[in-house]
Amino acid sequence: AVLDYLATLDEPPALALLAELAAREDLALEVRQAASRVQAVTEPLSAESAEPNKPVAPDPLGAPQDIDNTAETILGLKVIDAETGKPVPEVQCRITLYADEDYEQTLLTNIHGRCSFSHQGRDYRSLSVRLSKTGYAPQDLAWRGEPLPLQQLIALERGVAIGGVVVTEAGTPIEGVSVSVQSHTQTSVETTFRATTGHGRPVTDKEGRWRYEHFSSRVEEVRLGLSHPEYISVESSSIHTTLDQLMEGNFPSVMRKGLRVTGVVINQHGEPIVDASVLSIFSAGRSFGQIETRTDANGVFCFENWKSGQTVLTVKAAHYAQACQGIIVGARMKELHFVLEPEYILNVKVIAPDNRPIPGALIQGRYWRSEIRGLPLQGSIRIQQETNEQGMAVLRTLPADTVGYQISRPGY
């Protein structure tokens with residue numbers, strides 16, 4: 001942001017500072033990118049356009065060059081229009097490095113449709129790039145394990161309009177359904193291409209209709225996902241269709257009302273426990289991994305719109321030991337009962353091989369019991385705490401049972 005601001009200034013001191021920064025090897029790329037972004041919307045002053053008696057400083061970086069990258073520690077991107085082949089400026093390129101500590105940076109392509117990302121000195125498992133610009137279909141690229149190319153050419157499509165309608169089993173339109181649309185294919189560079197509507201998911205109107213204006217035309221099979229708070233969520237793997245059907249704008253999808261799961265949380269004296277957290281580990285009928293609710297003044301909790309299936313519930317409340325149950329969700333299931341016992345407290349100290357305390361170490365509960373009703377219980381214990389400056393942490397709400405932990409700290 002500072003470099004972008006300096007590049008917009010016409011004052012000689014600002015340009016001189018940019019020139020000084022550009023001479024530094026570790027900042028040269030970032031300075032050039034800043035100048036390229038600004039050059040897309042403004043040009044440096046020339047001698048003819050300068051104000052009278054105002055000195056004109058030379059452009060220390062020059063105009064952005066339309067040349068491919070040759071540096072091994074840089075990923076060069078060039079974005080063109082898939083139809084015309086012309087460069088596309090001001091494309092937002094969100095780059096994410098996945099490592100022990102993820103790193104994210106967003107760049108804009110310059111007037112030549114180019115931007116560059118330096119990955120020098122960064123260890124990572126994979127890298128993804130998401131490209132988006134109004135009027136074009138969003139596009140994702142990802143490299144997992146293989147070396148990054150020096151230069152990557154991406155053709156953005158204008159996209160096609162798609163749509164459909166969502167109704168109940170009785171055929172009544174459902175308003176307010178969030179629709180996710182995804183499709184995967186392979187590009188010529190052997191990286192994963194994902195056509196998606198992105199974060200701005202279309203939502204159905206009063207007639208149950210949804211529409212998205214710029215979806216990729218290069219895919220054939222498409223998967224839909226549906227989400228609504230009053231209906232069972234439909235995961236994207238459940239509805240398969242073709243792009244041709246969606247382009248007609250009337251593709252039908254059906255959502256069903258679900259089952260209610262209720263229960264009560266009390267202590268050993270039969271007293272209700274208020275505001276206890278109840279978490280489903282494998283949330284039946286949901287499109288996401290976990291869902292949480294809390295008990296009311298009577299210790300009662302309720303989950304809505306679940307489909308039949310197995311799940312695990314973990315209950316956590318201050319000053320009580322955590323409890324979990326494996327359940328089978330069905331039409332005739334009875335109210336659940338959790339009786340919480342007093343908590344166990346564990347003091348933990350994390351040290352280095354030379355016995356120095358390690359502050360900031362993350363202690364996470366991972367395993368509690370091997371299984372319930374055949375369901376593995378990784379994540380069923382809800383413990384997460386960081387060590388203090390003395391390497392100490394206090395773990396609370398523990399059950400009288402064997403618990404497995406993961407202890408981690410960057411650098412160890």
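The following exchange goes through a predicted model, from its overall make-up to its strands, cores and cysteines.

Biologist: What should be kept in mind about numbering and confidence in this model?
Modeller: Residues are numbered from 1 along each chain as its sequence is written, and side-chain values use heavy atoms, with hydrogens and water left out. Because this is a predicted model, local features need pLDDT of at least 70, whereas totals for chains, interfaces and linings use all residues, and side-chain atom pairs count only at pLDDT 80 or more.

Biologist: How many helices and strands does the secondary structure of the protein come to?
Modeller: Helices (H or I, at least four residues) and strands (E, at least two) are taken as DSSP runs, numbered from the N terminus. On that basis the secondary structure of the protein comes to four helices and 27 strands.

Biologist: What share of the 412 residues counts as buried?
Modeller: Buried means under 20% relative accessible area, exposed over 50%, and partly exposed in between, with a 1.4 Å probe and protein chains only. Of the 412 residues of the protein, the share that counts as buried is 42%.

Biologist: Which residues have the most contacts inside the largest nonpolar core?
Modeller: A nonpolar core is a set of buried Ala, Val, Leu, Ile, Met, Phe, Trp, Tyr and Cys residues joined through side-chain atoms within 4.5 Å. The largest one has 21 residues, and at least two of these are supplied by each of β8 (160–167), β9 (178–186), β11 (209–215), β12 (221–227), β13 (234–242) and α4 (243–247). The residues with the most contacts inside this core are I162 and V181.

Biologist: How many residues are in the second, separate core?
Modeller: This core includes C93, C115, W143 and L156. Its count is 20 residues.

Biologist: Two cysteines are named there; how many disulfides does a search of the whole structure find?
Modeller: A disulfide is a pair of cysteine sulfur atoms within 2.5 Å. The sulfur of C93 has its closest cysteine sulfur in C115, but at 3.8 Å the two are too far apart for a bond. Both residues count as buried, C93 because its relative accessible area is 0% and C115 because its relative accessibility is 7%. The number of disulfides found in the whole structure is zero.

Biologist: In what order do the strands of the open sheet that contains β1 stand?
Modeller: Two strands pair if DSSP finds at least two bridges between them, and the pairing in this open sheet of three strands is mixed. The edge strands, each pairing on one side only, are β4 (114–118) and β7 (151–156), while β1 (residues 74–81) and β4 pair in the antiparallel sense over five bridges, with I74 standing opposite S118 in β4. The order is therefore β4-β1-β7.

Biologist: Is L150, in the loop between β6 and β7, buried or partly exposed?
Modeller: L150 touches N69, T70, A71, E72, I74, L75 and G76, where contact means heavy atoms within 4.5 Å and residues up to four places away in sequence are not counted. One of these, A71, is 79 residues from L150 in sequence but 6.6 Å from it in space, C-alpha to C-alpha. With a relative accessible area of 33%, L150 is partly exposed.

Biologist: How many of the seven residues of strand β5 are buried?
Modeller: Strand β5 (residues 126–132) pairs in the antiparallel sense with β2 (residues 92–98) over seven bridges, and in β5 the bridge partner of Y98 is S126. Six bridges join β5 to β6, also antiparallel, and these two strands form a hairpin with six residues between them, where G135 in the turn has a positive phi of about 100 degrees. Strand β5 is largely enclosed by the rest of the structure, because its buried residues number six of the seven.

Biologist: What is the relative accessible area of T314?
Modeller: The place of T314 is in strand β19 (residues 309–316). Leaving aside neighbours within four places in sequence, T314 is in contact with residues including S277, V278, L279, Q322, C324 and R382. T314 is buried, and its relative accessible area is 0%.

Biologist: Which residue of β21 is the bridge partner of V264?
Modeller: Strand β15 (residues 259–267) and β21 pair in the parallel sense over five bridges, within an open sheet of three strands in the order β18-β15-β21. The edge strands of this sheet are β18 (300–306) and β21 (336–340). In β21, the bridge partner of V264 is H337.
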